[in-house]
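Visitor: Please take me closely through one stretch of this structure and the parts it leads to. I have not seen it before, so please explain each term when it appears.

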Amino acid sequence: MVIGLENVYRMADDESTREIAEVVYDVLKSDLKFSRLFNIVESKNYMELPVYRGEDVDLIGWKQKKVDFIVLMKAMAQGSEITVEGRLLDVRTGDLLRGKRYSWDKKYLRQTVHRFANEILEVTWGIKVPLFTSKIAFTSDRDGNKEIYLMDYDGYDQRRITDNSILDLFPALGPDGEHIVFSTVRGTKAVLLLYNMFTGEKITLSDAGGLNALPAWSLDGQKITFISSRDGNSEIYTINSDGTGLKRITFSPSIEASPAWSPTGRQIAFTSDRSGRPQIYIMDAEGTNIRRLTFFGEYNESPAFSPDGSMLTFVQRTGINFDIYRLDLQSQEIIKLTENQRSNESSRWSPDGLHIVFSSNRTGSYQIYVMDSDGLNQRQLTFKGNNTNPSWQALQ
Amino acid sequence: MKANRMLILLVCLFLACSFACKKKPPVEPVQPPPPIEKVEPVEEVSAPPEERILTEEQIFASTDLEAVTKEFKDVFYDFDKYNVREDQVANLENDAQYLNKWKSVRILIEGHCDERGTNEYNMALGLRRATAARDYLLSLGIDASRIETISYGEERPFATGHDEDSWWQNRRAHFVAIAK
C-alpha cells in the first residue's frame, strides 16, 4: 500500500505554529514507517510547511506516483492550545475517507497525530488495534530504586508512575488501559499489587508467602496469572482481576515461573525446571494437560504469545549470550530474532502482533528495544539508567 | 584463755597443798606473768572489687539486629543451581547453632542470583536458593516459624561486576536478622 504525505499546512504564520507543524510531520511519518505497512511517498516541498491558502491538492500528480492514499495535515498553535487537523483521501476517487480535528492542550500534540495515524491504519488496513497510542510499561532504576515507568510506544514521554521506596518489579499493563499489576517489596515480602493509574487506588492481590511476582493478564482483562510461594514452593496461580477467585494451578516440587496467558484464555505457557533445566511448557488454564514445548537448548525461558496465538517468543541461553527466539506453534519452525549481543530478555508482543519489545544489555546497561516480529529494525527506546521488563498494551 | 585459767588454778592448788603439807615458812606466792597477747604487724586486705562482667545473655540483649545479622554466614550456590553445596554446610551449621542458642532470633533468608538468566526466572531461582537454605536449617531442628524467605532475583547484587569474580558473590542465600 502506497501512502502519500502531503505538506503539513500551517494555519498561521508564526514560529510556534511552525514548530507544531514540524512535530506533526515527524510523528506522522515515523508512525507510518514503524508500522511497515506502507510505502511512503513524500511531497516535493514537504520541508517548507507552507501556510494554508485553500485546497490545492494535486491528485493527478499523486496518481502518477502510484499513490493509493494521501494524508493532508493542518496545524496551528494558539497559546497553550493546539489544533491539528488530519484528512485521509482516496487518490483514485478524491473521496475524503476520514477527517478529524483535535483542539487539545499542547502537551498532547504527539497524541493527536498518533490518534490520526490510528485512524489511517483502520481505514487502509482495517486494523482496529490502536497501535500508535499504545503504551509500554517498564521498570527503571534511573531515579535510584527500580520503579515502574510508562512511555509511548515510540519511546516518547517517559514518566514514572510508582513511588515506593524499595523495589517495584514486573509491571503488566491491563487491557483496560487503566490498571497495572506489579510486584512491590513490602517489608520481608514481595507482594502483588493491582494499581489504578488514574485514581491511584491500590489493591493487594496476593501477599502470602515471601514471593508474589511475574503477573500476566488474560487478553480479556478478567484474570491475572502469577507465581507465588504462598504454599511454600514457587507455583503458578490465577486470580480474577478484582482480587477474588484465587486458584493454584501447578503442583510440582520444581521451579515454576513466567506464566503467560494464551489469547484465547484457554492455555497458559510457563517455564519449569522439572526436566532438570528451565524449559517452556504449556498447559490448560486449569493446570491440566501439561506438555513440553522446547526441546533444544539448555535454558529456555520467558514465553510470550503473539496476539493471534500462533507464535511464541522466548529467551534461550546460547553460550554466554541470551537471545530471543520465535516459535511457530503450528509448524514448529524456530527463528532466532536477536544475534549474540549479550542478554536479550523479556520479549513481549505489540498489540498488533507485528512488533516485539524486549530488554538488552548490549550497550553495557539494560535498555528497552523494539523490533519487528522478524527481528528487523531494532531500535533503542530508553537511555537513562537500567530499564527492563517491558509490557506493551494498546490503550483505548 | 580458759585453759590458762585452769592451769593457774591447778598451779595454785598444787602450791597451796605443798605449803600445807610441808608447813614451810610462809612465802609470798609468786604469780607467773600474765600471758602477753602477741599483735603481729599485718594489714587487713579487703577483697578486690569485682569487675562487672556481662553475661552472654546481657551481651545479646544489648546488640542490635545488624550485629546479630553479622553472626550469620551466607550460603553460596553454583550457577543455575539451588542445591546446598557440601562446602556450604559448615556455614549452615554455624547459623543453626546460633539460632539454637538464641531462640528469640527470627531471620529472613534472601535468595539472590547473578545477572545471567532472565530476571523473571531468577526471581523463582532466588526463592529456591532461599528455601533450600531454610530447609537445611529445618533439618537441623530449627523451627519453621522463625524463618521467612524472599527472593530478590538478580535485583540486589552484592558485587556489580560482569564476571565470575562478582557472579559467585551474587549467587547466595543471605541471612538477615529481623527479630531477637
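Guide: A:Lys66 counts as exposed because only 11 C-beta neighbours lie inside 10 Å. By the rule used here, a residue is exposed if 12 or fewer other C-beta atoms lie within 10 Å of its own, buried if 20 or more do, and partly exposed in between, with C-beta atoms placed from the backbone. This is a predicted model, in which local features need pLDDT of at least 70 and side-chain atom pairs count only at pLDDT 80 or more, while totals for chains, interfaces and linings use all residues. Residues are numbered from 1 along each chain as its sequence is written, and chains are lettered from A and ligands numbered from 1 in the order in which they are written.

A:Lys66 lies in the loop between helix H2 (59-64) and strand E3 of chain A. Helices (H or I, at least four residues) and strands (E, at least two) are DSSP runs, numbered from the N terminus. Although A:Lys66 is not a glycine, its phi is positive, at about 60°. Most residues other than glycine have a negative phi.

Beyond this loop comes E3(A), residues 69-78, which runs antiparallel to E4(A), residues 81-90, and is joined to it by 10 bridges. Two strands are said to pair if DSSP finds at least two bridges between them. Across this pairing, A:Met76 of chain A faces A:Thr83 in E4(A). The two strands make a hairpin with 2 residues between them, and A:Gly79 in the turn has a positive phi of about 65°.

E4(A) also has a partner in E5(A), residues 96-105, with 9 bridges in the antiparallel sense. Here A:Ile82 has A:Trp104 in E5(A) as its bridge partner. These strands, too, form a hairpin, with 5 residues between them, and A:Gly94 in its turn has a positive phi of about 80°.

The stretch also leads to the nonpolar core. A:Val24 is in contact with A:Met73, A:Ala75 and A:Val84, among others, leaving aside its neighbours within four places in sequence. Contact requires that the C-beta atoms of two residues, placed from the backbone, lie within 7 Å. In the largest nonpolar core, which has 130 residues, A:Val24, A:Leu28, A:Val71 and A:Ala213 touch the most other members. Such a core is a set of buried Ala, Val, Leu, Ile, Met, Phe, Trp, Tyr and Cys residues joined through C-beta atoms within 7 Å.

One of those core residues directs attention to a later sheet. In chain A, the strands E13-E14-E15-E16 form, in that order, an open sheet of 4 strands with antiparallel pairing. Its edge strands are E13 (212-217) and E16 (247-248), each of which pairs on one side only. E13(A) is joined to E14(A), residues 223-228, by 4 bridges and runs antiparallel to it. A:Asn212 stands opposite A:Ser228 in this pairing.

For a counterpart to A:Lys66, consider A:Arg342, which is not a glycine and yet has a positive phi of about 55°. A:Arg342 sits in the loop between E24 (334-336) and E25 of chain A. With 19 other C-beta atoms within 10 Å, A:Arg342 is partly exposed.
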